[in-house]
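Please look over the sequence and the model shown below, and keep both at hand while reading. The paragraphs that follow start from a single residue and work outward.

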Amino acid sequence: MTYTKYKSNLLFFLLFSLAIAADFTAAKTHLFSRNVSPKTIGLKREKLSHLHFYFHDILSGRNPTAIPVVEAATTNTSSTSFGGVWMMDDPLTVRPEINSKLVGKAQGIYASASQSEISLLMVLNFAFMEGKYNGSNLSVLGRNPILSGVREMPIVGGSGVFRFARGYAQAKTHTIDFQTGDAVVEYNVYVFHY
């Protein structure tokens with residue numbers, strides 16, 4: 001191999017290596033995802049919180065907090081209201097009385113999802129407006145067989161104080177009026193968060 005040919009091959013190899021290195025460096029700075037330390041986004045030690053409140057689902061009267069938004073053709077003839085969907089903006093209070101201190105709202109939808117029992121699909125946020133939880137939310141997505149004594153639904157996430165939340169909510173009917181459908185439900189929520 002002649003010196004000129006050797007020099008030409010060496011130059012080509014160096015330029016090719018530099019191009020690959022530059023491309024790799026550029027790709028590294030424009031990654032779709034990367035691992036980060038929880039400390040870089042301000043996360044401290046994880047803790048477990050217990051929240052206790054009452055949920056007021058009011059279907060009757062001049063100012064209901066839950067209203068039907070969708071019905072199937074057979075919803076009214078179904079013993080479980082199968083296919084019915086309700087939108088809610090239910091008050092959350094510290095005691096079972098509606099006029100006790102308001103700590104938040106349950107906002108979302110529930111749908112009758114069973115043909116054989118009264119069981120709801122719950123998709124909602126507990127939007128808190130009290131104390132250190134003001135402006136924070138917990139998201140619930142789960143099955144609620146409302147005639148069971150205690151029901152358990154997963155907490156699938158949250159925002160504000162509840163970023164990266166996970167846990168569960170236990171619901172227990174405190175009172176229900178079978179004529180109107182109005183109900184007060186006691187909630188115990190256990191949630192891990194930072």
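**From one core residue outward**

Leaving aside its neighbours within four places in sequence, Leu51 is in contact with Phe128, Tyr133, Leu138, Phe162, Tyr187, Asn188, Val189 and Val191, where contact means heavy atoms within 4.5 Å. This is a predicted model, in which local features need pLDDT of at least 70 and side-chain atom pairs count only at pLDDT 80 or more, while totals for chains, interfaces and linings use all residues. Residues are numbered from 1 along each chain as its sequence is written, and side-chain values use heavy atoms, with hydrogens and water left out.

The protein has one helix and nine strands, and from the N terminus on these elements run α-β-β-β-β-β-β-β-β-β; helices (H or I, at least four residues) and strands (E, at least two) are DSSP runs, numbered from the N terminus. Of the 194 residues in the protein, 32% are buried, a word that stands for under 20% relative accessible area, with exposed meaning over 50% and partly exposed in between (1.4 Å probe, protein chains only). Among the contacts with a separation of 6 or more, 48% are made by residues 24 or more positions apart.

Leu51 belongs to the largest nonpolar core, which has 29 residues, and the members that touch the most others are Leu51, Phe53, Phe126, Phe128, Leu138, Tyr187 and Val189. Such a core is a set of buried Ala, Val, Leu, Ile, Met, Phe, Trp, Tyr and Cys residues joined through side-chain atoms within 4.5 Å. Two or more residues of this core are given by each of strand E1 (47-57), strand E3 (85-93), strand E4 (102-112), E5, E6, E7, E8 and strand E9 (183-193).

Which residues are linked into a cluster by ring pairs? They are Phe53, Phe55, Phe126, Phe128, Tyr133, Phe162 and Tyr187. A search of the whole structure finds 12 aromatic pairs, counted when rings of Phe, Tyr and Trp (its six-membered ring) have centres within 6.5 Å, with planes under 30 degrees apart taken as stacked, over 60 as edge-to-face and the rest as tilted. Phe126 and Phe128 form a tilted pair, 6.4 Å centre to centre with 45° between the planes, and both of these residues are buried. Tyr133 and Phe162 form a stacked pair, at 5.1 Å centre to centre and 15° between the planes. Because Tyr133 lies in the loop between E5 and strand E6 (137-144), and Phe162 in the loop between strand E7 (150-159) and strand E8 (166-176), this pair ties together parts that are 29 residues apart in sequence. Tyr133 and Phe162 are both buried. The loop between E7 and E8 also holds Phe164, a residue other than glycine whose phi is positive, near 65°.

The loop between E2 and E3 can be followed in a similar way. Thr75 is found in this loop and, at 4% relative accessibility, counts as buried; apart from its neighbours within four places in sequence, Thr75 is in contact with Ser81, Phe82, Gly83 and Gly84. Ser81, in the loop between E2 and E3 as well, has a positive phi of about 60° although it is not a glycine, and with a relative accessible area of 30% Ser81 is partly exposed. Is Gly84 buried or exposed? At 0% relative accessibility, Gly84 counts as buried, and Gly84 too lies in the loop between E2 and E3. Neighbours within four places aside, the contacts of Gly84 are Val70, Glu71, Thr75, Tyr110, Ala111 and Ser112. Gly84 and Pro68, 16 residues apart in sequence, are 7.1 Å apart in space, C-alpha to C-alpha.

Turning to the outside, the accessible surface of the protein comes to about 12,600 Å², of which 59% belongs to carbon and sulfur atoms; accessible areas come from the Shrake-Rupley method with a 1.4 Å probe, and for residues only the protein chains shown count as cover. Ile67, Val69, Val70, Met87, Ile109, Leu121, Val123, Leu141 and Val156 form a nonpolar patch on this surface, with about 700 Å² of accessible area together. In a patch of this kind, residues with over 30% relative accessible area and no salt bridge are joined when their nonpolar side chains (Val, Leu, Ile, Met, Phe, Trp, Tyr) lie within 5 Å, whereas like charges are joined within 9 Å; a salt bridge is a side-chain nitrogen of Lys or Arg within 4 Å of a carboxyl oxygen of Asp or Glu. Strand E2 (66-70) and strand E5 (120-128) each supply at least two residues of the patch, and the largest share, three residues, comes from E2. Leu121, one of the patch residues, lies in strand E5 and counts as partly exposed at 38% relative accessibility.
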